[in-house]
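Open the model in your viewer and keep the selection panel at hand. The stops below say what to select and what is there.

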Amino acid sequence: MKQVLKVYSAPTKHWVGDGFLVHTMFHYQQSYKNIDPFLLMDYAAPHYFASNTAQPKGVGEHPHRGFQTVTIAYQGEVAHQDSAGGGGVIKSGDVQWMTAGSGVMHEEFHSPAFSQAGGVFEMVQLWVNLAAKDKMTLPKYQAIKSDTIPTVNLLGAGTAKIIAGTLDGITGPADTFGPINLWDTQLIAGGGYVFDVPQSHNLLILVLSGEIVINDTHTAQAAELATFEQGGQDVKIHAISDAKILILTGEPINEPVVGHGPFVMNTKAQIIEAIDDV
């Protein structure tokens, strides 16, 4: 089994723009959490926004280079637009998978419909690294609708939506550059399941609600992140209460990571070049 390294409580929330109140669950400077090939996770825990008929809340136009951004909408809606022609509204259950690659400008705001109605907003944004050979690939936008994401029945213990990678022979729709699994999972109280995680992959588990026991040794509850030692294979998860969790696994890239704000490259010179190109 994959051995738990540590379970981290959510750090203090902070605003990204005026529309996303997030916990940064991990960051590429925290390599001790064994996050490679992932770079960053912002978790916007459930937060109520009142009806807003003025300018929608969010983040105005800003650049990215060298990685992919993945936005998973649990509650609420986000309207996205980018300089590569990608865009649309990410609704509850949908996923946006944007490859910034060589560089893209984009903006993210609450959708007009959500802004006017108000309501509870809950999302995860994940940054996925690109290997050096792929960092300057052309930008690409994948709008993954909820009804295109296959679901695996976990033998009565719950369900898992396969956003990326494969679980129990079912493959998700996301187009990735390296071996990555992203499983949006719901377990029922008392249910348990052994998830097939390759020995070579790093593993991270975000608990969004409920409480779970991992490998019969560690508990994790809402807004906590479980990190794991390298090596080992598979992970056993038992739900103490109904639980919603996000499971990430990925093959490490094992290359230098140099970041500055919205850019993540391999060298300082490449960062300077990215800033000059904006």
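**Stop 1: a hairpin**

This is a predicted model. Select residues 211-214 (strand 20) and residues 218-221 (strand 21): the two run antiparallel and are joined by 4 bridges. Within this pair, E211 stands opposite Q221 of strand 21. Now add what lies between the strands: 3 residues separate them in a hairpin, and N215 in the turn has a positive phi of about 55°.

**Stop 2: an open sheet**

Next, display strands 5, 10, 7 and 8. In that order, 5-10-7-8, these 4 strands form an open sheet with antiparallel pairing. Strand 5 (58-64) and strand 8 (87-90) each have a single partner strand and stand at the edges, so one side of each has no neighbour in the sheet. From one strand to the next, the twist averages 15°.

Zoom in on strand 5 and its partner, strand 10 (residues 104-110): 5 bridges join the antiparallel pair. Here H64 is found opposite V104 of strand 10.

**Stop 3: the nonpolar cores**

Which residues touch the most other members of the largest nonpolar core? Select L182 and L246, which do so among its 29 residues. Strand 4 (residues 38-49) supplies the largest share of this core, with 4 residues.

Centre on L246 and show its contacts, leaving aside neighbours within four places in sequence. Its contacts include M41, I72, Y74, V124, L182 and W183. D184, L204, I205, L206 and L208 are also among them.

Finally, select F195, V197, L203 and F228: these are among the 26 residues of another core, which lies apart from the largest one.

Notes. Residues are numbered from 1 along each chain as its sequence is written. This is a predicted model: local features need pLDDT of at least 70, side-chain atom pairs count only at pLDDT 80 or more; totals for chains, interfaces and linings use all residues. Side-chain values use heavy atoms; hydrogens and water are left out. Two strands pair if DSSP finds at least two bridges between them. A nonpolar core is a set of buried Ala, Val, Leu, Ile, Met, Phe, Trp, Tyr and Cys residues joined through side-chain atoms within 4.5 Å. Buried means under 20% relative accessible area, exposed over 50%, partly exposed in between (1.4 Å probe, protein chains only). Contact means heavy atoms within 4.5 Å. Axes are lines fitted to C-alpha atoms, for helices over the stretch in contact, and angles run from 0 to 180 degrees between N-to-C directions.
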